[in-house]
Each structure stands twice: as structure tokens, then as C-alpha cells.
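Biologist: Could you take me on a close look at a single part of this model? I'd love a connected walk through one strand and its surroundings.

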Amino acid sequence: MKHTTLGNVDGGLDVGRLGLGLMGMSAFYTGSGTDDDESVRVIHAALDHGVTLLDTADMYGPHTNEQLLGRALRGRRDGVVVATKFGNVTDPEARGERAVDGRPEYVRRSIDGSLQRLGLDHVDLYYQHRVDPQVPIEETVGAMAELVTAGKVRHLGLSEAAPETIRRAHATHPITALQTEWSLWSRDPEAEIVPLVRELGIGFVPYSPLGRGFLTGALRSVDELADDDFRRFAPRFSGDNLAANVRIVEQVDAVAREVGATPGQVALAWLLAKGEGVVPIPGTKRRTYLDENVAADDVVLTAAQVEQLDAVAAPQGDRYADMSTVDR
């Protein structure tokens, strides 16, 4: 797999151009249950393919996804870039009215819990999963910077942060990567956030680069989803919105036929064509889909095809209530 660099802190973080998101192995897409043994095999297969960036979070499960990754990395840690996140409160009894916690004491407590579950002495990339509106970003990132000094973390990241928040965070300690939803299914970052991270030298890690499975072309109705699949309740998958959004896949599929690839591979190749420092992290629980996703590294789109996809209309319907990237 070809490599790229996230950020420019200490030379940046070298990673394969496609990472692997692990969330669905333990949370949100588990209508058919979980299979940790198969998930470990998928992670090992990803490493064999040259994937180096593995993405988890303390809230996935909660906690069980980090434990799963820790199990998979026994004897396979070398060359792997481990990314995890904190900030979404995972203890129901401790939540109260604080669903997101960016207090310095929570930062310190969270990393220790993650390291214990992962069985590691450090993580390579540590994200604030969601910005806490009650805590100045300088205080949160300042505490995260202390973890770098302590050797528990190598690089810092933010997830779903807004432009001025990113600037203030980066001024407190250099930010290596921003993780935000970006795909042909979600174009919001292109107006302000993508230009900003390029200006500041911050890498971009698009999550849900396949539009939560929609851009693969396999999903045409929510009736195909498990009863507890959270996509059933997402605005873009509902009613008339879903029917209208099928047009996006139809246009992706037209390009896919031209290049002899699948729609999902074209969706990933479109992101990879956006330049250096862009590392999509498609998630999957199955090796067949992993093989398909990784093969997108070899799909080359012409400038005209990229422009054709750029012109695809934005999807109809909102994302989720917690996804607003307002400045804190």
C-alpha cells in the first residue's frame, strides 16, 4: 500500500493511505451480533495488506473495542499506528448532564484506561472525540499535551471540531490529524475545514468514507437493516430522503463502470485523489469487504472523473443531532 503523512509534527505521522475503522466490530452495526475471533482475523488481514492506521475509541462497546484491538495486536504491534479517542462519557452513572467531558482530569483518567485495555504503554494518535462546550479547548489540549510529554501519546488529534476551535487547539499544541465525516455522502468539511487543515499542516482522516455503507450501492431500503441498526433513525436514510439520495450512488456507479471498479472503491479513490495527508478509515467486519476496500488504493481516477464526482449534488437530509461542528 502506498503511504502518506498526517500532519507535520516531528516530521508527521507516516501511515498507509487507507486505515481501518474498528467501531462496527463492537458498536452501532452489531444487529447480527459480534464475532471477536473473526474481527481479530480481519485486523490481521488488514495488517497483511499494508494497512497501518487502526482506529478505535473508548466509547465503542463501550471499552470492548479497545480490548479487542489489544488482543489483535499481541505480537503484531510493530509498524502499527494505534489511534483511540476520549471525550464521550461512557459510564452511565457518571454522566449526569455531562455527555462530553474535556476536563483535564478526565483526559488523564481516560488515557490510563485506554492504555490498560489496549495493553500498550503508549498510543500513536489520541483524539478528543467531541469538543466539550463547557471547557475551553486550550485546557483540554493542554492536558493532552502533557500526555505527549509523559510518553503516553505520540500525536494529538481532534474529531468533529469547528474552524476556530481547530485554530485555538493547534496554537496550544500542534494537532496532527482531524477526524471528521467526509465523503460523497457528506461534503460539509469542504467549505472551511479542509482548506484550514491544509493551511495549518494538519492531516485529515475521513470517517464513514463510504457514507455508512450507502456508497457501496448495496443499500436501497432501511428494511434491509437490522431492527437496532442506528441508520434506521438517521435523517438521510429516511423516507423521501433515501429515495432522493440514491441518485448519488447512481452517479458513482457510472464512474465505477468506466474504471472497472466497485462503487465503494470509487468513493474511496475520490477521497484519495484529494491529495496528500488524507487517510480514509472505512470500517468492516468481513474480510471480503476489507479486500475490496484496500484495493481502492490502486484505483486511479482521471481529473475529469474527479470533477464529475465533485459535481454530485449534496445528499438530502441532515446528519445527526450531535454532529454540529460549532466553535467552542
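**A close look at β5**

Modeller: Happy to! In this predicted model, strand β5 is covered on both faces: V81, A83 and K85 are buried on one side, and V82, T84 and F86 are buried on the other. Put as a count, six of the six residues in β5, which spans residues 81–86, are buried.

Now for the neighbours along its edges. Strand β4 (residues 53–55) runs parallel to β5 and is joined to it by three bridges. Within that pairing, L53 stands opposite V81. The link between these two strands involves helix α2 (residues 64–72): β4, α2 and β5 together make a right-handed β-α-β unit.

Turning to β6, four bridges join it to β5, and these two strands also run parallel. Here K85, one of the buried residues of β5, has Y127 in β6 as its bridge partner.

From there we can follow the sheet onward. Strand β6 (residues 123–128) is joined by five bridges to β7 (residues 153–159), again in parallel. One pair to look for is L125, whose bridge partner in β7 is H155.

Stepping back, β5 belongs to an open, parallel sheet of seven strands, in the order β3-β4-β5-β6-β7-β8-β9. The edges are held by β3 (20–21) and β9 (203–207); each has a single partner strand, so one side of each is left without a neighbour in the sheet. By contrast, β5 has β4 and β6 as partners.

Terms used: Residues numbered from 1 in each chain as written. Predicted model: local features only at pLDDT ≥ 70, side-chain atom pairs only at ≥ 80, totals over all residues. Heavy atoms only, no water. Pairing = 2+ DSSP bridges. Buried < 20%, exposed > 50% of the residue type's maximum accessible area, 1.4 Å probe, protein only. Right-handed = clockwise from strand over helix to strand, strands pointing away.
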